[in-house]
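Colleague: Got a minute to go through this one with me? I'd like to talk about charged pairs and helix packing.

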Amino acid sequence: MTILCVRFQLPPMYETALPGLLGLLEEFTPVVEALPPDGALADLGGAERYFGRDALELASVIRVRALAHFGVDCAIGAGPGPMLARIALRSARPGVTCAVPEDAVAEFLADRPVAVLPGVGAATARTLCDYGLDTLGRVAAAPLSTLQRLVGAKAGRELHEKANGIDRGRVVPNAVSLPQALGCARAGGTPILATERPFDRDELDPERHRRALLSAAEEIGARLRAVDKVCRTLTLTVRYADRSATTRSRTLAEPTAHSAALARAVYGMYDALGLQRARVRAIALRAEGLIPAEQASHQLTFDPADERIRRIEEVADRARAKFGPRAVMPGRLAA
């Protein structure tokens, strides 16, 4: 049993504490995969040998350190693989680690509903339940050919393996310490830039939402230009008062680090959500698909206003480089 799935019990508005908590996990193993906004996977295979303790004992130490250094409790699931650790987490609670015994995986899974399997959505679960395959034990006992007829050849084989406890997943390390320097991280090995705008209270005003979006877009643009990068994709996450979230991604017409272009794309994603009187707790923006700026092409617009904004950006970037990131107030360049 070497994989932990940890969910930190972060108080409202403190999701940005996650990088520090991930750093705590990195004290035990470099194989840590962030699961924003409040979780992570950690492969403790090497740590068990190094510290001479099993995963459950290390989980207890992690919990104590999270409480001592951050005042944050956590729920932890443990299992032989990432999928099983995630399923175990569903039954965990703060202060208690739920573990899947390596020699009793089938028994652990047998009575659980099919919807607990990662990758099984509501439609697939409904189809299986219609045929009486409502638990993982029944799915595991069903012939492979039957599952393939119901959900397709590839999906049926994956479903059959997962229901039988075959976990082929692995923990993909993230470069979680880099955000502290440049707000940069890596998702599955791909470099990204991310920022978040939490509100002091659950915010209903769409204008305040838009100001936060503009501020986030300008920060991402400035950071991209500081490292001579452009991004291909933007991902917007809106977190609500009930801790649920909506995430949307958009591939840009051309890779860019131009704050105005980023802001237009973010506004478009926000407007497409059609939020009405939504109580928003925080807005997060992530730039993905980063490439060197010299490798990107730029379509000339011959728009005097756009050229003026780009010149202002250059001046603002020089001011930030000389006087620090607060030299230019966020949300002012496109005002």
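Modeller: Sure, let's start with Asp 73: its relative accessibility is 22%, so Asp 73 counts as partly exposed. Keep in mind that this is a predicted model.

Colleague: Okay, and which side chain does Asp 73 meet in a salt bridge?

Modeller: That's Arg 63, with 3.8 Å from N to O. Arg 63 sits in helix H3, while Asp 73 is in the loop between H3 and strand S4 (74–79), and the two are 10 residues apart.

Colleague: Is Arg 63 buried or exposed?

Modeller: Buried: Arg 63 has 9% relative accessibility, and the cut-off for buried is under 20%.

Colleague: How many salt bridges does the structure hold?

Modeller: There are 12.

Colleague: Where are the two residues of the Asp 202 and Arg 281 pair?

Modeller: Asp 202 is in strand S7 (residues 190–203) and Arg 281 is in strand S10 (residues 280–288), so this salt bridge links distant parts of the chain, 79 residues apart. Their closest N and O atoms are 3.3 Å apart. Arg 281 is buried at 8% relative accessibility, whereas Asp 202 is partly exposed at 25%.

Colleague: And what about Arg 208, what does its side chain meet?

Modeller: Glu 203, in a salt bridge with 2.7 Å from N to O. Here Glu 203 counts as buried, with 9% relative accessibility, and Arg 208 is partly exposed, with a relative accessible area of 34%.

Colleague: Which residues are joined into one network by salt bridges that share partners?

Modeller: Arg 197, Glu 219 and Arg 223.

Colleague: Switching to helices. At roughly what angle do H1 and H3 cross?

Modeller: Roughly 140°, with the axes of H1 (residues 18–26) and H3 (residues 55–70) coming within 11 Å.

Colleague: Why do H1 and H3 count as oblique to each other, then?

Modeller: Only angles over 145 count as roughly antiparallel, and the crossing is at roughly 140°, so H1 and H3 are oblique to each other.

Colleague: Left-handed or right-handed?

Modeller: The crossing of H1 and H3 is right-handed.

Colleague: Which residues in H1 and H3 meet?

Modeller: On the H1 side, Gly 20, Leu 21, Leu 24 and Leu 25; on the H3 side, Ile 62, Arg 65, Ala 66 and Phe 70. By type, the residues of that contact are 6 nonpolar, 1 polar and 1 charged.

Terms used:
Residues numbered from 1 in each chain as written. Predicted model: local features only at pLDDT ≥ 70, side-chain atom pairs only at ≥ 80, totals over all residues. Heavy atoms only, no water. Axes fitted to C-alpha atoms, helices over the stretch in contact; angles between N-to-C directions. Helix = DSSP H or I, 4+ residues; strand = E, 2+ residues; numbered from the N terminus. Parallel < 35°, antiparallel > 145°, perpendicular 65-115°, else oblique. Left-handed = near helix turned anticlockwise from the far one by under 90°. Contact = heavy atoms within 4.5 Å. Nonpolar A, V, L, I, M, F, W, Y, C, P; charged D, E, K, R; others polar. Salt bridge = Lys/Arg side-chain N within 4 Å of Asp/Glu carboxyl O. Buried < 20%, exposed > 50% of the residue type's maximum accessible area, 1.4 Å probe, protein only.
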